[in-house]
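This report describes a few selected local features of the structure shown below, beginning with a single residue and moving on to strands and helices.

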Amino acid sequence: MDFRFSEQQQKLRQEVRDFLEGEIKQGLWQPSCDAWIMGHDLAFTKRVAAKGWIGLTWPKEYGGQGRSFVDRLIVTEEMLRYGAPAACHWFADRQIGGAIVHSGTDEQKTELLPLILKGEAYVGLGMSEPEAGSDLASLKTRAVEDGDDYIIDGQKVWTSGGSHMNWIYLVARTDPTVAKHRGISEFIVNATLPGITVRPIEDITGGVHFNEVFFDSVRVPKRYLIGEKNQGWKQVLNQLDYERSGMERLMANYPLFEALIQYTRETRRNGKPLSEDPVIRAKLAQLRIELEIGRLHMYRVALVMDEGRAPNWESSMSKAYSTAFEQRLASTAIEILGLYGQLSPASKWVPMQGMAYHSYLSSKGYSLQAGTSEVLKNILALRKLELPTG
Ligand SMILES: Cc1cc2nc3c(=O)[nH]c(=O)nc-3n(C[C@H](O)[C@H](O)[C@H](O)COP(=O)(O)OP(=O)(O)OC[C@H]3O[C@@H](n4cnc5c(N)ncnc54)[C@H](O)[C@@H]3O)c2cc1C
């Protein structure tokens, strides 16, 4: 097994690093945790698009570059390393663009893929509902045919980026008379249509990034159905593999790791830097080892995708492992900070711009979003270990 990156890949990584460091030097943004999901910066997304780093893996005929998933992972890894504000394009680049390439009509490809590539389609994910989270197939939002349109009624919840999106990917029930997995379809919907109301929800950190989205008799032209009517479930499962498998599941709070190492170097206790305390050194070394194992998980997932296979158990395994790592990183940061770790980011005494506090709280959601760890372990037990369902 040769674990080295090709020369072209090393060049790509360096190019992304130079670009991001240049942006930070110019003061265009500051690195922050969770920036892939909370950092909405339309201008940044446009600049990334201009570099050609959106739709990297899509076929050239659709404006992509036909590059590998490993290449894309290199780009996203560097975005996360620098805590870049990439939320406006993340979902479209990661999964919705791919879903349109894979199952969309020519008309959808012509209309939507160029918008995503230019960094102009900010897509939210409308899957979860108040009574449909892990058991997504029990969703109640209805799409009923009416002439050339579907009329959509229902409610989505936890829609990340809902306040910024101009498109929403939606799963809705198109046949209520059949078994729950069979009557579901996928749509891509212009989020500015009449009848759509977005209501922000404050999260545990006090931040606002996810939302309730209400659909009240929203008229959506039929051409925005993705793939085959009532056959959406298979497509959803495929999409979830992509949603779960990215480096954002391992490095969402990576800027905290860098800041923590720096903090232990700069902070003295009993006359010595914290970084010389053997207990603290061992904790940081343990985290570094776990991070590197997580990276191997992620690169394995990308290699599976490059083989043309859906990473259906690999992505579950990598996400369950990686989000547990991120929670340990945040807990370790709080332990090392001692009483400072309990201060709110608003306090002038709080170290590392409150990253530890923020991350400790926000990392609680990492093992829920895109499939809870319990559900992912069920998938692993079924699809990889082939254990009986009981
Ligand atoms: C930060 C964040 C961002 C999110 N962003 C989005 C988004 O953009 N779009 C979107 O559609 N959704 C989003 N979600 C929602 C997310 O996908 C759901 O929270 C998740 O699917 C779990 O659903 P639930 O919250 O309804 O919990 P439930 O499904 O009610 O689960 C409750 C508990 O029961 C456990 N459980 C459930 N079923 C089983 C089972 N079969 N076996 C074992 N244990 C089980 C779960 O593990 C969990 O601990 C987001 C969530 C978070 C936290």
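In this predicted model, glutamate 314 has a relative accessibility of 2% and therefore counts as buried, the cut-off for that class being under 20%. Glutamate 314 belongs to helix α11, which spans residues 314-337. Its side chain makes a polar contact of 3.1 Å with the side chain of arginine 309. When residues up to four places away in sequence are left out, glutamate 314 touches Arg300, Val301, Val304 and Arg309, so that arginine 309 appears both as a polar partner and among these neighbours.

**Strand pairing**

Strand β4, residues 167-173, is a second buried element: seven of its seven residues are buried, and the strand is therefore largely enclosed by the rest of the structure. Trp167, Tyr169, Val171 and Arg173 point one way from β4, whereas Ile168, Leu170 and Ala172 point the other way, with the residues of both sets buried. Strand β5, residues 184-190, is likewise largely enclosed by the rest of the structure, because six of its seven residues are buried.

The pairings that involve these two strands are set out below.

| Strand pair | Bridges | Direction |
|---|---|---|
| β1 (residues 123-126) and β4 | Four | parallel |
| β4 (residues 167-173) and β5 | Seven | antiparallel |
| β5 and β8 (residues 225-226) | Two | antiparallel |

Individual residues show how these strands are placed in register. Between β1 and β4, valine 123 has tryptophan 167 as its bridge partner in β4. Between β4 and β5, leucine 170 stands opposite phenylalanine 187, while the bridge partner of valine 171 in β5 is glutamate 186. Glutamate 186 also has a bridge partner in β8, namely isoleucine 226, and this residue of β5 thus links to valine 171 as well as to isoleucine 226.

**Helix packing**

Two packed helices are described by the angle between their axes and the distance between the axes. For helix α1, residues 7-25, and helix α3, residues 42-51, the angle is about 150° and the axes lie 12 Å apart. The two helices α1 and α3 are therefore roughly antiparallel to each other, since angles over 145 degrees fall in that class. The crossing in which α1 passes α3 is right-handed. On the α1 side the contact is made by Glu15, Phe19, Leu20 and Glu23, and on the α3 side by Phe44, Arg47, Val48 and Lys51.

Methods:
Residues numbered from 1 in each chain as written. Predicted model: local features only at pLDDT ≥ 70, side-chain atom pairs only at ≥ 80, totals over all residues. Heavy atoms only, no water. Buried < 20%, exposed > 50% of the residue type's maximum accessible area, 1.4 Å probe, protein only. Pairing = 2+ DSSP bridges. Polar contact = N/O pair within 3.5 Å; in protein donor to acceptor, adjacent residues only side chain to side chain. Contact = heavy atoms within 4.5 Å. Axes fitted to C-alpha atoms, helices over the stretch in contact; angles between N-to-C directions. Parallel < 35°, antiparallel > 145°, perpendicular 65-115°, else oblique. Left-handed = near helix turned anticlockwise from the far one by under 90°.
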